[in-house]
Amino acid sequence: MLRYLVRRLLAAAMILLVITAITFVIFYALPSNPALLACGKTCSPSRLTEIRHSLGLDQSFLTQFWEFFKGLFAGRDYGDQSVRVHCGAPCLGLSFQTDTPVLTTLLGDFPADLSLGLGAAVVFLVLGVGLGMLAAVRRGRAADKAAVGLALVGVSVQIYFIGLLLLFLFVDKWQILPASGYTPFTQDPSAWFQGLLLPWATLVIVYLAMYTRLTRSSMLEVFAEDYMRTARAKGLPAGKVVLKHGLRAAITPIITIFGMDVGSLIGGSAVITESVFGINGIGKLAVDSVQNSDLPVILGTTLFAATFVVLANVVVDVVYGLVDPRVRLA
Amino acid sequence: MSLQTSPRPADLTPAPSPFLDVRDLRVHFPTEDGVVKSVDGVSFTLEKGSTLGIVGESGSGKSVTSLALLGLHKGTRAQVSGEIWLEGRELVALPEHEMRGLRGRTVSMIFQDPLSALHPYFTVGAQIAEAYRVHHKVSKKEARDRAVEMLKRVGIPQPERRAKDYPHQFSGGMRQRAMIAMALVCDPELLIADEPTTALDVTVQAQILDLIRDLQEEFGSAVILITHDLGVVADIADDILVMYGGRRIEYGSVRDVLKRPEHPYTWGLLESMPHITGDVDRRLNPIAGSPPSLINPPGGCAFHPRCTFKGWVPEGRCAVDRPELLAVAGPGKHLAACHLTPETKNEIRGRRAAQ
Amino acid sequence: MTTQHPPVQNATGTMPPGADPAGDPLAAEPVVAGRSPARIAWNRIRRDKVTLVAFVVTVLFIVIALLAPVLTALTGWGPITPDGRAINPDTGNFPRGSLGGISAHHLLGVEPGTGYDLFARVVHGLRTSLLVGFASAVLSTVVGVVAGLAAGYSGGWVDSVLSRVMDVMLAFPQLLFIIALTPVIQNALQTNSHGGTDENLRLLVLVLNIAVFAWAYTARLVRGQVLSLREREFVDAARIMSAGRGHILFRQLLPNLWAPILISFALAVPQNITTEAALSYLGVGVVPPNPDWGSLLSDASQYFLQDPMYLFIPGVLLLVLVLALNLLGDGVRDALDPRAART
Amino acid sequence: MTRRTRMFSLTATTVAIALGATACGGSSSTTGSGSPTKGGTLTILNDADYNHIDPQRTYTTEGSSMDYEIVRTLTGWDETGAHPKLVGDLATDTGTPSKGATVWTFHLRHGVKWQDGTDVTAQDVKYGVERFFSPDINGGPPYASQWLVGGSSYKGPFKGKQLDSIQTPDKYTLVFHLNQPVADFNETTTMTGWSAVPKAHDTGATYDLHVWSDGPYMIKSYSHGKELVLVRNKYWSRSTDPIREQNVNEFDAKFGQDQSAIDQQIKSDAGTGQTAITQTPIAGSDLTTIANDPSLKSRFYKIPAPGINYMAINTGRVKDIRVREAIEDAVDKTTVRGAFGGSAYGDYATSVLAPGIDGHKNFNLYSTNPAGDLAKAKALMKQAGNPKLTMSLSVENIPTHEHFADAVKTALAKIGITVNISPLDKNNYFSIVDNVKNQYDLTWGDWIADWPNASTILPILFDGRQMKTLPQSNNNLAYLNDPKVNAQIDKAAKTTDINQANAAYGALDEQVMKDAAVVPLMYMNFSDLGGSKIGGVIDDTIMAEPSLVHVYVKS
């Protein structure tokens, strides 16, 4: 188990390294010039050269990559003697734009994504699995058709469309809710909740659909299994057959997808939701950084997001091993 | 032995209230292509302490019949009609919640392929204990002890330890034993064993069959053994019911059916089976063709497309008239559904014996 | 007695596990009739009203997209023909009249700001959406199938390398990366730095971008299928008959994979249309004034309070299109998959 | 100076109305009237954080406006009157030029204190200005390195070197030696960078977060991209400061909300909305609705900007002056203005210099009807031989610009010019179009003067020599290299007499328009909204921002 975990984590680290390298390459190919952006409106060629040097952009690709890599473990120092800035390990660099450590910015934005992602995930998991089970049990009947139909509509709906619609109805028209956005929970729990209600609802609508479908098909597959018949043949009540024997087996593929979804959601994948509802999360940070050619931030957000996805993968596999006795983690 | 020539309806003689009395059971599945008549008018009786072997190819309806006995078609889109009388209770019309009380306790079943029939995520002990707790108000501990006891009874070594194992950690034979333990945990009065020895190697097969027989003697249950293997039933069953295309084609005591099979399909089954005592050089002849459609069964005798003897019946009756299940003359209650006259059958037997 | 078909029961009396139609009546179906799977699938689709409706709606959308120039010629307003009289410069160029300027001239009203005919924008935008959706789905499916076949069949280091690549692709924060990649690919392909953004080039960039991240799903699916098929007897048989690798891959394996491939393709199309719209919404997709639903929605979100119809019309249409494609994909999957039963 | 255009705005609209709270409108008090009250917190709501508030890096109007609360510059603008008046800020007066305006001397006020109570000295100012030269301190305006002697090779103070052309003969005297005559150098020194930075508290690239205050307010906390809180600097004294007041207790600047949401929140005038103001300009559709809402009139700050919104015609590519003139006449400025937000956005422009700028001259060489003169344009095209032309037009990839581009495309189609629109990434827009490698036939641009003098507009936009000297940041989007214009630029720069200089710039403006190098579109206004409990806001027509130097919160 421990050896398995170490091996998986090493593989995860490799994937992250590759992703970092690819990000570096892509940034190199980006048509924009961050030094010119930093330089300002009127920039002489000599000044541009100096700024390129100051940002470290005049170094070779490999040197830059190595510096970044080293910074992850040993930290980095920026600037000249009198005004040295230290960026402690794990250093993701300083933003070209704001000169603040990327990690600090990321950690500052993280609570918003954590609240958004986890809050929505809990609801869509519970509701989705519930609806999916209902649909599976009532296969072919009205409840099933309604659940499947709703699920399909949910899958087909665009986040920005449904999000704007919710905003229009609840905030503008009926004025039931205040404008959405993120307020730290520690600052004002009630504002935190009210501000995230619509973003949660939007994510839930979109993801719920997937989980309903997934649970339904997974359940139906399990229903066809011999051991379900065995359970009934024992004389178990129908509810227990479905909840204990059915759900236990059907939940594993759902756990996999759920883990990946949570990983990517809290890693900043809810870009569109963030933008629609004006939540300053990692997704928005990433979009802005791409537009500002802010390499350290692009790298940081990519790595951050990928780390969550990759870690979620490992966690999912470990959980799988705990849930399914047939899987041996070795 | 002489065969009766005039047809006579066989099933109408009512038996004096047997333990299990299945009458004209039909299980139909409506599908988008038409109605699948998996079981189409099957009747049989079974007494406590005796064993019925139901034999047939896949798709002959034998497993669907057994599920009907457990009431497992309730709540599905299967249409079940006919009557199943068990100790004076009719099961077809019995509501699900009452049926549930019988399942596992009065009627229980050993499924084929225990690897898939046992839940992969629960330990063997827990699954057996669960079966016990459904019908007995006992503590988890007591149920667990009972499970260990049952595992021991079915001959699993170190039952305490093995109870904590998962099904995939058991060997095939062990799993089947565990399955049997689970089926027997509530001392059922009717035990249905669906292909209990399929996929097991021959020595284990024998052990399992011995086990079922021993346990039957011990508990005095009635047993229905479902198989495609006549050899298995020969060992253990009292009566044999041969099914083809969802219908009975031959029904009688083991002795009658095996010693004097009346239906060409039964002949085919016997020929496709090796005999330990038989001639080593004898060719095994599988039955040509494939099982009939259950939606549009062949007209007349369902077996006629595969029957090598249909030429012996005049005017192609086999393709037109469905043969009735008629009593065969003799001391036992032996029924068969075939247009071949006893004379013709004798002639055929003679020719084959001469080969 | 001669044997024409393989015997149902073989000499030792063992049967393939699960061959007996025990609890699941559907398992009995192969026994029912010897129709080809394609025929069964087609019959199922024909009987499935929802899928039929979805099919009709999809076809309708495709026809509208194909006929877009004809339709706009009929109404007389092209997608970038502004109607200055339909908007009011004093109110910041909002449409005159109610419901976003719906009138006999402008069936769906006009765009605020420009006075473009919304009907023309919508039907031409549909072309873009469908083109990008289908093209990227074809591309990702082809790449995914080839990669999946290669990985699954070759095994060894080829499989390891390809699988790792798939892992990396699937671990990427995709939307973020497409946003970053768009200018890169665009720059790499664009030869002249001026003279306007080439519409076709931009579409190509979009298709490439979406396909870059979508193929890994198909590849993984195909690889899994190949791994299980590889062990089947008919492949062994072909191998014993010393069939070439290409023969086994394309003549033996591929025909057995068409169902999962078709399903993944059918479900990829609406997914890709959604992605395309999202990208255009985020401003890295189709470039205005070329009509596109995503950029239309993005634009409309700015005028949401003042002119809700502008958001509503393309929003609902996009919902209907994606829903129809999803329903169609589901229908195809159910029809092809014997396990996904329908009642 | 650039105005940070709206950040990538995806959100539509969110109205922030606290439950149960009713808008308490009806406050009839107008801007600047009423007596200031002390105390309270002024909330500033901006969609995004300031690019920089490190004074040497600030080059946006929002950042400058905020900076003026924290740091004091050598000179400053007193805008309480009808016209902005140049006054000494840190300096006692507006400086003394000598040697033909190549040497400028400033005497500092005594008694100006840092936030720790120490004196602000000439050395602090010298150090501050030297910071301009460090490549780590990027983003600021170029004037110091352009004009100070030795500036081209100096790399900033962090490596221990000083710039000799800034002399500090004593604690309170500064002398700048320039490499060319600069008549309005004392207007340059109103920019935030011409201020003091204490070496001991300099944190280099991260100074944005730690700006040391000698103004009325100092940083209490700054969380990048989220919130900046300023509190009173107790060592600041009104007696040494001719410009600022210290009325409110705190400035609380919050960033990251979508601009529409901000607009709606202030519009609703509930809760903090009553004491909130926004610095980022209201644009597009919101501008139309807000500007036309009479109930918001008293809280709506429409500030004329010293700048121009224009479309440059590349004179190197569109060589035929008749075609350029035809374009001038063909463009329909009414639809163009509609795209930018209608009449509230600004008046139709006929020249490069806006009315508020020194040197502005009232003239119109082309169509008197803002909708254009199609007949004349067609006639000009006919003279040119009715060429079938295809032109590229670069704009930012935001809806406003795309609509603008459509309007141009439509107008020019009528005179037989096909326009291909190139929407460019808005964050990289100027770094793309300012690069001489990327030439478009038509290029959208806007420019706001760094100080209200034509010298920060015309030379920057039309000096043809910068194509060679600044190949990657060539602001001459018209690629005009007219020897007459270049000569006029040099002449005006050397003119120390203000009236003569203004006349020279007026003539220059007219020359550029004769060359048909740009289509001036609008003299821009920037519009912002404030809550009903805010008083003392004055129009900063230099920054085109609501000036907060006298702001107070009504109790």
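Let us begin at one residue of this predicted model. Asp321(B) sits in a loop of chain B, between helix H11 (264–271) and strand E11 (326–328). Is Asp321(B) buried, partly exposed or exposed? Asp321(B) has 14 C-beta neighbours inside 10 Å, so it counts as partly exposed. From its C-alpha atom to that of Leu294(B) the separation is 17 Å, and the two residues are 27 apart along the chain.

**The complex and its chains**

For the complex, the predictor gives an ipTM of 0.77 and a pTM of 0.81. Which two chains share the most contacts? Among the five pairs of chains in contact, that place goes to chains A and D. Their contact draws on 50 residues of chain D and 48 residues of chain A. On chain D, helix H5 (259–268) and helix H11 (429–433) each give at least two residues to the side that touches chain A. Sorted by class, that side of chain D holds 17 nonpolar, 25 polar and eight charged residues. Chain B and chain D, on the other hand, do not touch, and 48 Å lies between their nearest C-alpha atoms.

How sure is the predictor about chain D? The mean pLDDT of chain D is 87, with 94% of its residues at 70 or more. Residues 3–33 of chain D need some care, since their pLDDT is below 50. This stretch still has 88 contacts in the model beyond near neighbours in sequence. Where pLDDT is low, the predicted coordinates should not be read in detail.

**Chains A and C**

Here are some values for these two chains.

| Chain | Residues | Share buried |
|---|---|---|
| Chain A | 330 residues | 55% buried |
| Chain C | 343 residues | 50% buried |

Chain A has 13 helices and two strands, and chain C has 13 helices and two strands. Along the principal axes, the C-alpha atoms of chain A fill a box of roughly 85 × 55 × 35 Å. Now take the contacts in chain A with a separation of 6 or more: 67% of them come from residues 24 or more positions apart. In chain C, among contacts between residues at least 6 apart in sequence, 69% join residues at least 24 apart.

Chain C also offers a helix to look for in the structure. Helix H12 of chain C covers residues 293–302, and 10 of its 10 residues are buried, so this helix is largely enclosed by the rest of the structure. Its buried residues include Trp293(C), Leu296(C), Leu297(C) and Gln302(C).

**Two pairs of helices**

Two packed helices are described by the angle between their axes and the distance between the axes. The pair within chain A is helix H5 (residues 102–137) and helix H10 (residues 238–269), which pack at an angle of about 150° with their axes 10 Å apart. Angles over 145 degrees count as roughly antiparallel, and H5(A) and H10(A) are therefore roughly antiparallel to each other. Their crossing is right-handed. Among the residues that meet here are Leu114(A), Leu118(A) and Val129(A) in H5(A), and Ile254(A), Phe258(A) and Leu265(A) in H10(A). By class, this contact of H5(A) with H10(A) has 14 nonpolar, two polar and two charged residues.

The other pair joins two chains. Helix H1 (residues 2–29) of chain A and helix H6 (residues 156–171) of chain C have axes that come within 10 Å and cross at roughly 70°. H1(A) and H6(C) are therefore roughly perpendicular to each other. H1(A) passes H6(C) in a right-handed crossing. Ile15(A), Val18(A) and Ile19(A) on H1(A) meet Asp167(C), Val168(C) and Ala171(C) on H6(C). The residues of this contact comprise five nonpolar, no polar and one charged.

**Backbone details in loops**

In chain A, the loop between strand E2 (85–87) and H5 holds Pro90(A). The peptide bond that leads from Ala89(A) to Pro90(A) is cis, with omega near -5°. Asp99(A) is also found in the loop between E2 and H5 of chain A. Its phi is near 60°, a positive value in a residue other than glycine.

Chain D has a positive phi too: Asn386(D) is not a glycine, yet its phi is about 45°. Asn386(D) lies in the loop between helix H9 (374–383) and strand E15 (389–396) of chain D. Which of the two, Asp99(A) or Asn386(D), is buried and which is exposed? Asp99(A) is buried, because 26 other C-beta atoms lie within 10 Å. Asn386(D) is exposed, because it has 11 other C-beta atoms within 10 Å.

Conventions:
Residues numbered from 1 in each chain as written. Chains lettered and ligands numbered in written order. Predicted model: local features only at pLDDT ≥ 70, side-chain atom pairs only at ≥ 80, totals over all residues. Axes fitted to C-alpha atoms, helices over the stretch in contact; angles between N-to-C directions. Helix = DSSP H or I, 4+ residues; strand = E, 2+ residues; numbered from the N terminus. Parallel < 35°, antiparallel > 145°, perpendicular 65-115°, else oblique. Left-handed = near helix turned anticlockwise from the far one by under 90°. Contact = placed C-beta atoms within 7 Å. Nonpolar A, V, L, I, M, F, W, Y, C, P; charged D, E, K, R; others polar. Buried ≥ 20, exposed ≤ 12 C-beta atoms within 10 Å, placed from the backbone. pLDDT = per-residue confidence, 0-100.
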